[in-house]
Amino acid sequence: MEHLPKKIATCITLIILAAAVPVFGQNGFSKAFSESYTYEAKKDYSKAIESITNVYNADSYEINLRLGWLNYIAGKYKESLTYYQKAVKQMPVSIEAKLGYAYPAYALGNVNEVISVYKEILKLDPNNYYGNYRLGSIYYEKKDYLNSHKHFDKIINFYPFDYDAIIMSAWTYYHLGKLREAKVLFNKALLNKPDDSSALEGLKLIK
């Protein structure tokens, strides 16, 4: 049992290396990725996607992840979801693939599925910034302020001066009727972003 963590780490390493072989073991892949970044920067998403699909290898985690992202920003949410699903299947403990999967799933209105994905992420990494922030934001939109507060509060413990977490936590406290805490956080947000309209609006409502 004492060697179990080492064995698990070795297995994960072997999976990563196996997934990387199709990408880094063939000519043309590096060029395709480079071209896709260039086209993406120009917002020519069709050509960015084409650059990768021209060298598509279904066994490549990196290619599926890249196509998941490119199709998402191109507004092709169903296609994006398909590629992210493949990436998640190839690397089941990949947080980046799960975070990516949540984008098109949310765009397609699958909110409950997105909540499940973020919960999976937080099981793997309880303090993950994006998992906590996005799940907190979803609960906020659903007016579930108690659950929203739990996630924003966790972020603030690790990133005490992070504006996004501070302002969302401030509004969450406001809706929970905890005005003293909300006022402290709205003022803290103004230290990060002076004259911030959201923080000023919150303070005006408290007065």
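User: Leaving aside its neighbours within four places in sequence, which residues is Ser148 in contact with?

Analyst: This is a predicted model, and a contact list in it shows what surrounds a residue once the nearest stretch of chain is set aside. For Ser148, the residues in contact beyond four places in sequence are Gly136, Tyr139, Tyr140 and Thr172. Ser148 itself lies in helix H9, and its relative accessible area is 0%, so Ser148 counts as buried. The C-alpha atoms of Ser148 and Asn132 are 9.0 Å apart in space, with their positions 16 residues apart in sequence.

User: How should I read the helix that holds Ser148, and which of the residues in H9 are buried?

Analyst: The general idea starts from the geometry of the helix: with 3.6 residues a turn, an α-helix has residues three or four places apart pointing the same way. In H9 the buried residues are Tyr145, Ser148, His149, His151, Phe152, Ile155 and Ile156. The cover over these buried residues includes H7, H8, H10 and H11. H9 has 14 residues and spans 20 Å from its first C-alpha to its last, which is close to the 20 Å expected at 1.5 Å a residue.

User: Before going further, how many helices and strands does the protein have?

Analyst: Counting the elements gives a frame for everything else, and here the protein has twelve helices and zero strands. Along the sequence, the pattern is therefore written as α-α-α-α-α-α-α-α-α-α-α-α. Of the 207 residues, 40% count as buried. The protein exposes about 12100 Å², and carbon and sulfur atoms supply 56% of that area. Among contacts with a separation of 6 or more, residues 24 or more positions apart account for 47%.

User: How do I read a nonpolar core, and which members of the largest one touch the most other members?

Analyst: In soluble globular proteins, nonpolar side chains tend to be buried together. The largest nonpolar core here has 21 residues, and those touching the most other members are Ile167, Leu185, Phe186, Ala189 and Ala199. At least two residues of this core come from each of H8, H9, helix H10 (163–175), helix H11 (179–192) and helix H12 (197–206). The helix giving the most is H10, with eight residues. To follow one member, look at Leu185, which, leaving aside its neighbours within four places in sequence, is in contact with Ile156, Ile166, Ser169, Ala170 and Tyr173. There is also a second, separate core of 20 residues, which includes Leu65, Leu99, Val114 and Leu122.

User: How do I read salt bridges, and how many are there by this rule?

Analyst: A salt bridge is read by finding which charged side chains are paired and then asking where the partners sit, and in this model the count comes to two salt bridges. In one of them Glu40 pairs with Arg66, with the closest N and O atoms 2.8 Å apart. Glu40 lies in helix H2 (residues 29–41) and Arg66 in helix H4 (residues 61–73), so this pair ties together parts that are 26 residues apart in sequence. Glu181 forms a salt bridge with Arg180, and there the closest N and O atoms are 3.7 Å apart.

User: Are the residues of these pairs buried or exposed, beginning with Arg66?

Analyst: Arg66 has 8% relative accessibility and, because buried means under 20%, Arg66 counts as buried. Beyond its neighbours within four places in sequence, Arg66 is in contact with Phe33, Ser36, Tyr37, Glu40 and Ile52. In the other pair, Glu181 is partly exposed at 27% relative accessibility, whereas Arg180 is exposed, with a relative accessible area of 62%.

User: Can a loop residue be read in this way too, and where is Asn128 found?

Analyst: The approach carries over, starting with the position and then moving to the surroundings. Asn128 is found in the loop between helix H7 (111–124) and helix H8 (129–141). The relative accessible area of Asn128 is 10%, so Asn128 is buried. A polar atom of the Asn128 side chain lies 3.1 Å from the backbone nitrogen of Tyr130. Leaving aside its neighbours within four places in sequence, Asn128 is in contact with Ile95, Ile121 and Leu122, and Leu122 is one of the residues included in the second core.

Technical notes:
Residues numbered from 1 in each chain as written. Predicted model: local features only at pLDDT ≥ 70, side-chain atom pairs only at ≥ 80, totals over all residues. Heavy atoms only, no water. Helix = DSSP H or I, 4+ residues; strand = E, 2+ residues; numbered from the N terminus. Buried < 20%, exposed > 50% of the residue type's maximum accessible area, 1.4 Å probe, protein only. Polar contact = N/O pair within 3.5 Å; in protein donor to acceptor, adjacent residues only side chain to side chain. Contact = heavy atoms within 4.5 Å. Core = buried A, V, L, I, M, F, W, Y, C linked by side-chain atoms within 4.5 Å. Salt bridge = Lys/Arg side-chain N within 4 Å of Asp/Glu carboxyl O. Areas by Shrake-Rupley, 256 points an atom, 1.4 Å probe, with all protein chains shown as cover. Expected span 1.5 Å × (residues − 1).
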